Each structure stands twice: as structure tokens, then as C-alpha cells.
Amino acid sequence: MKGTDYGKSDYTPIKQRHLRRIVRARMSKVAYLIAKGSVPEGYLYFDLHAGPGIDDVGDWGSPKIILEEARAHDVIVEAHLFEQNAQTALRLRRVVQPYDRYGDYSLVQAVDGGDWCAACPGYSRCDSGSCESAFTTVEVHAARCEDDLLRRLNFLSDERDLDRAYGLMYVDPTGGMPWKTVHDAIASLPHVDLLINMGGSIDGRVRTSTGREMRVTDYLDLCRKRRWYVRRPIGKHLWTMVLGTNDTGIVKIPRYVGMEEMTGPKGQWYMAKIGYSNNERRQADFEFSGQLPLF
Ligand SMILES: C[S@@+](CC[C@H](N)C(=O)[O-])C[C@H]1O[C@@H](n2cnc3c(N)ncnc32)[C@H](O)[C@@H]1O
């Protein structure tokens, strides 16, 4: 598969499948907690590298996957999608408009055959133009997440109690990881899970070329999540998914996509592959003694 400007590759279908499985399982738990009243409505979703929403051959991108899963579970979402490329952000806006309470209603009706409530197009169950129920909102920020996310969080903290909000922050860069932005942002969101899709070798290249000392595990330590899961790195870029959460009830979900607890023997092995080059692992072998062989 040829690479594209929004980063599609042979690995993309696996990534999207795993994203969908994790989110599906998570949404059903969140829907249950909201119905019980133990979690406030309005699942927060931050997509730091949102892409076009639907690619040239019609495959869904992360924002559409998540918004569809939320709709299927009747979970109301407040989505903040960051996309640095202005053209891509425009495409994305059209894709997500049907989910947004404040979207362009005429476009919504044209796309969906007029089945949507004029007041809250994200919810087909609602058929009155004066609907006052809570609604999904989707904002596309045509900006680098590094420049805009913390500012948005500041605004948000004036409107709602971020300490109690449930949600997901999804980080899926084409190049290096925006580590500082991620840990500054997620540290103030105790119930927002952090899901990272990253290439271990890409982060390693950035680390060596910039002389950076901190490794993946050092950054994750700053994110204040109690439980971490990691999937086996795939291919020459060592593509992996890392999930951080403070929810003790999440244990089974990462297993659906073959994730391992980071503190377990396999998880430590995967992290060593992601965080250290072959040479570095050989030299640091003693640090991992007692664990599975590193190669
Ligand atoms: C790998 S694609 C993301 C795909 C998307 N998450 C999905 O699964 O459909 C990366 C996208 O992030 C955008 N991007 C790259 N760096 C960014 C940054 N610092 N802030 C916001 N968007 C960025 C790129 O323009 C590209 O569209």
C-alpha cells in the first residue's frame, strides 16, 4: 500500500481494527456507568492527529470510528479533533458534521436522508426540533495539537469538572510523539484513558537525532496513569499501541487486541524493543535480567 500524506500504510487496517475493538469495549462500560449515574454525561474525546475522517477509498479514520461507536452505545461525546493540515481538516469537517449538534443541518439532511433531528443531528432517536437533551458536539481544530490542546483544556476546565470526566485521548502521529503536550494534558484528566499508536523505531530516531535522554517509559511515568498495557511491536517501524488508564475494571479489554500489562514479562520485553535500539538492548541486557530474552 502506497503511503499517503495522512500516513496510510499496510499497518493502518490493523491499527483501525484494534482501535475499534478497544473503543467498543470501553464504550459499553462507559454507557453502563452513565446509565447508573456514576459518571457524568459527555464522554470527552481528544484526537491529537485526526486525519481526514474517511480516506480516498472510503475506509474510516479514528474520529469516525469513535463517533460511530459512541452513537451505537448511545454515549454523548464532546470531541476535540486536531488536524494540522488545513485541507485535511476541511475534509474532516465534512465527515464529522453529521455528528455535531452545531453542524450544518442542511448538509446533515442531505447526507443522511433527512432522518436526523434538526436540533441534535447526532441522535436519530430525537425527532423534535426543540429537543433539549444533551447532545454530541464535535470541534475540528485546524491546528497542531502542540499549539492548541492545552489552550482548549483551559477553556474546558471553566465549563466542566475535568476531574470527573471520562473519555479518551488518542495520539497517532505520523512522525515524532508530542510527548510534552501529551503528559501536560493527560495529567489533569484522571478518568480520560490515553491510547497511543506509535512507531518505536520512529521515536528512537527522534531520540538519537535530538540527543534526547528521556525514553518512552520516562514519558509514560509523567502521565499519571496507574495501569499500562502495550501491544507487541509490529514491522520495521515497530508499530505498537500503548494504553494507560486509572480504571481498575479495564483489565480484560487490552487482551482483545493482544496487549500485555507493561509490568509483566512480555510487556517489559515489548517496552525494551520500543525504547531501546538493538545495540542499546545488548549493552543494557543486565537491566532486564530475570525477564524474557530480549531478542
Ligand atoms: C497517521 S495520520 C492520523 C490518522 C487518524 N488518527 C486515523 O486513524 O484516521 C496523522 C495525521 O495527523 C496530522 N498531524 C501530524 N502532526 C500533527 C500535529 N502536530 N498536530 C495535529 N495534527 C497533526 C497529519 O496531517 C495527518 O493527517
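Colleague: Why does Arg224 count as partly exposed?
Modeller: This is a predicted model, in which local features need pLDDT of at least 70 and side-chain atom pairs count only at pLDDT 80 or more, while totals for chains, interfaces and linings use all residues. Residues are numbered from 1 along each chain as its sequence is written. A residue is called buried if 20 or more other C-beta atoms, placed from the backbone, lie within 10 Å of its own, exposed if there are 12 or fewer, and partly exposed in between. Arg224 therefore counts as partly exposed, since its number of C-beta neighbours inside 10 Å is 15.

Colleague: Where is Arg224 found?
Modeller: Phi of Arg224 is near 55°, which is a positive value in a residue other than glycine. To place Arg224 we need the helices (DSSP runs of H or I, at least four residues) and the strands (DSSP runs of E, at least two), both numbered from the N terminus. On that numbering, Arg224 is found in the loop between helix 8 and strand 6.

Colleague: Which loop holds Leu238?
Modeller: Leu238 has phi near 55°, again a positive value in a residue other than glycine. With 19 C-beta neighbours inside 10 Å, Leu238 counts as partly exposed. Its place in the chain is the loop between strand 6 and strand 7.

Colleague: In what order do the strands of the open sheet lie?
Modeller: The protein has 10 helices and eight strands, and two strands are said to pair if DSSP finds at least two bridges between them. The open sheet has eight strands with mixed pairing, and its edge strands, each pairing on one side only, are strand 3 (137-141) and strand 8 (259-261). The order of the strands is 3-2-1-4-5-7-6-8.

Colleague: Which residue in strand 2 is the bridge partner of Tyr43?
Modeller: Strand 1 (residues 43-47) is mostly covered, with five of its five residues buried; Tyr43, Tyr45 and Asp47 point one way, and Leu44 and Phe46 the other way. Strand 1 pairs with strand 2 (residues 77-82) in the parallel sense over five bridges. In strand 2, the partner of Tyr43 is Val77.

Colleague: Which residue in strand 8 stands opposite Arg231?
Modeller: Strand 6 (residues 227-231) pairs with strand 8 in the antiparallel sense, and the pairing runs over three bridges. Opposite Arg231, in strand 8, stands Met259.

Colleague: Which residues have the most contacts inside the largest nonpolar core?
Modeller: A nonpolar core is a set of buried Ala, Val, Leu, Ile, Met, Phe, Trp, Tyr and Cys residues joined through C-beta atoms within 7 Å, and two residues are in contact if their C-beta atoms, placed from the backbone, lie within 7 Å. Not counting residues up to four places away in sequence, Met169 touches Phe46, Leu48, Ala185, Ile186, Val192 and Leu194. The largest nonpolar core has 67 residues, and those with the most contacts inside it are Tyr43 and Met169.

Colleague: At what angle do helix 1 and helix 2 pack?
Modeller: Among the residues that meet are Leu19 and Val23 in helix 1 and Ile65 and Ile66 in helix 2. Axes are lines fitted to C-alpha atoms, for helices over the stretch in contact, and angles run from 0 to 180 degrees between N-to-C directions. The axes of helix 1 (residues 12-36) and helix 2 (residues 62-72) are 10 Å apart, and the two helices pack at an angle of about 25°.

Colleague: What does that angle make helix 1 with respect to helix 2?
Modeller: Angles under 35 degrees count as roughly parallel, over 145 as roughly antiparallel, 65 to 115 as roughly perpendicular and the rest as oblique. The angle of about 25° therefore makes helix 1, with respect to helix 2, roughly parallel.

Colleague: How many of the residues of helix 9 are buried?
Modeller: Helix 9 (residues 265-275) lies across strand 6, strand 7 and strand 8, running at about 110° to strand 8. What covers its buried residues includes those three strands together with helix 7, helix 8 (216-221) and helix 10 (278-283). Trp269, Tyr270 and Met271 are among the buried residues. Of the 11 residues of this mostly covered helix, the number buried is nine.
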